[in-house]
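Open the model in your viewer and keep the sequence panel beside it. We will go from stop to stop, selecting as we go.

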Amino acid sequence: MSIYPPLAVRITTPEVELLGATDELLERLAPHVRDGKADDDPPPYDDPFWAYEPDPERRVHRWLQGIWRGRGRTGPENWRLHLVVMVDGEPVGMQDLIGHDFTTFATVESFSWLSSDVRRRGIGSEMRAAILHLAFDGLDAEEAGSEANADNAGSNGISQRLGYEPNGTAWATCRGEPVLGRRWRLLRSVWAANRRDDISLSGVPECRVALGLDP
Ligand SMILES: CC(C)(COP(=O)(O)OP(=O)(O)OC[C@H]1O[C@@H](n2cnc3c(N)ncnc32)[C@H](O)[C@@H]1OP(=O)(O)O)[C@@H](O)C(=O)NCCC(=O)NCCS
């Protein structure tokens, strides 16, 4: 039981567990950030981003500050749920869910990274499926969006695999270089047609109140 409901959210699939990012879990995940295992080649993140900070300790500090800011800003207009990805009881990455004017648009975005130690084993797909379950089943979203650089095979591969449809392109800079991003959208009807029955949610009613979705 947490006094702050977004930290008590839990999503369980047969392969992974996503847990509200408590400071205790962040401390256990920090070595992956310190060792540069959240980054990738080619660089996957829009500027500015904490993973590009060269000094390991400062990188960890910037990463933590971003999460704490996200926690503190949570409210009906904007929210970001930060969840730690657990595999066999060990933290290996993060999967976030983001809502802007969610009560008006019922649309979410997601963001994730996984330690380079455990990529290409299907975990990225499983954690996205888990967060989509929270969005559509737990929070009644109508649409989920995603965006990734055109050369980000992992993120774009996951969107394609999970039934998202292409939704245009957008320019951004990555480490100072212009990069074209691919945008994706997944409609509730498509998610519902492929809905999984082996994913369970916990802590959602209290979190809905904290996000301003329920009185
Ligand atoms: C994106 C990320 C979470 C994907 O996690 P993952 O566990 O490696 O992904 P999966 O194993 O589920 O792979 C999903 C699909 O992408 C493909 N894929 C993943 N990485 C790939 C790569 N480097 N090259 C080619 N294909 C790749 C997989 O083969 C799979 O395709 P399939 O469905 O046809 O089998 C991980 O690569 C990562 O953390 N990258 C750095 C951070 C990042 O890019 N975040 C997104 C920013 S927008």
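Where is the place of Asp101? Select Asp101 and look: it is in the loop between β4 (90-100) and α3 (102-105). Bear in mind that this is a predicted model.

**Stop one: around Asp101**

Is Asp101 buried, exposed or partly exposed? Its relative accessible area is 37%. Buried means under 20% and exposed means over 50%, so Asp101 is partly exposed. Now show its contacts. Setting aside neighbours within four places in sequence, Asp101 is in contact with Glu77, Asn78 and Ala106. Next, add Arg10 to the selection. Arg10 and Asp101 are 91 residues apart in sequence. In space, their C-alpha atoms are 23 Å apart.

**Stop two: three strands**

Select residues 10-12, strand β1, and residues 17-20, strand β2. These two strands run antiparallel, joined by three bridges. A hairpin of four residues links β1 to β2. Pick Ile11, then find Leu18 of β2 standing opposite.

Now add residues 78-87, strand β3. Strand β2 pairs with β3 too, in the antiparallel sense, over four bridges. To see one of the matches, pick Gly20; its bridge partner in β3 is Leu83. While the strands are on screen, follow the side chains. In a regular strand, they alternate between the two faces of the sheet.

**Stop three: Asn149**

Move to residues 143-149, strand β6, and select Asn149. Is Asn149 buried or exposed? Its relative accessibility is 4%. Since the limit for buried is under 20%, Asn149 counts as buried. What does Asn149 touch, beyond residues up to four places away in sequence? Among its contacts are Pro43, Pro44 and Asp46. Asn156 and Cys174 also touch Asn149. So select Val179, Leu180, Gly181 and Arg182 as well, which are on the list of contacts too.

**Stop four: the whole protein**

Zoom out and colour by secondary structure. You should find seven helices and nine strands. The C-alpha atoms fill a box of roughly 45 × 40 × 35 Å along the principal axes. A compact globule of 215 residues would have a radius of gyration near 17 Å, and the protein's 16 Å agrees with that.

Switch on the surface. The accessible area is about 10,700 Å², and 50% of it belongs to carbon and sulfur atoms. Of the 215 residues, 47% count as buried. Last, colour the charges: 24 are positive and 34 negative. Their mean positions are 2 Å apart.

Terms used
Residues numbered from 1 in each chain as written. Predicted model: local features only at pLDDT ≥ 70, side-chain atom pairs only at ≥ 80, totals over all residues. Heavy atoms only, no water. Rg over C-alpha atoms; globule rule 2.2 N^0.38 Å. Buried < 20%, exposed > 50% of the residue type's maximum accessible area, 1.4 Å probe, protein only. Areas by Shrake-Rupley, 256 points an atom, 1.4 Å probe, with all protein chains shown as cover. Lys, Arg positive; Asp, Glu negative; His and termini not counted. Charge placed at Lys NZ, Arg CZ, Asp CG, Glu CD. Contact = heavy atoms within 4.5 Å. Pairing = 2+ DSSP bridges.
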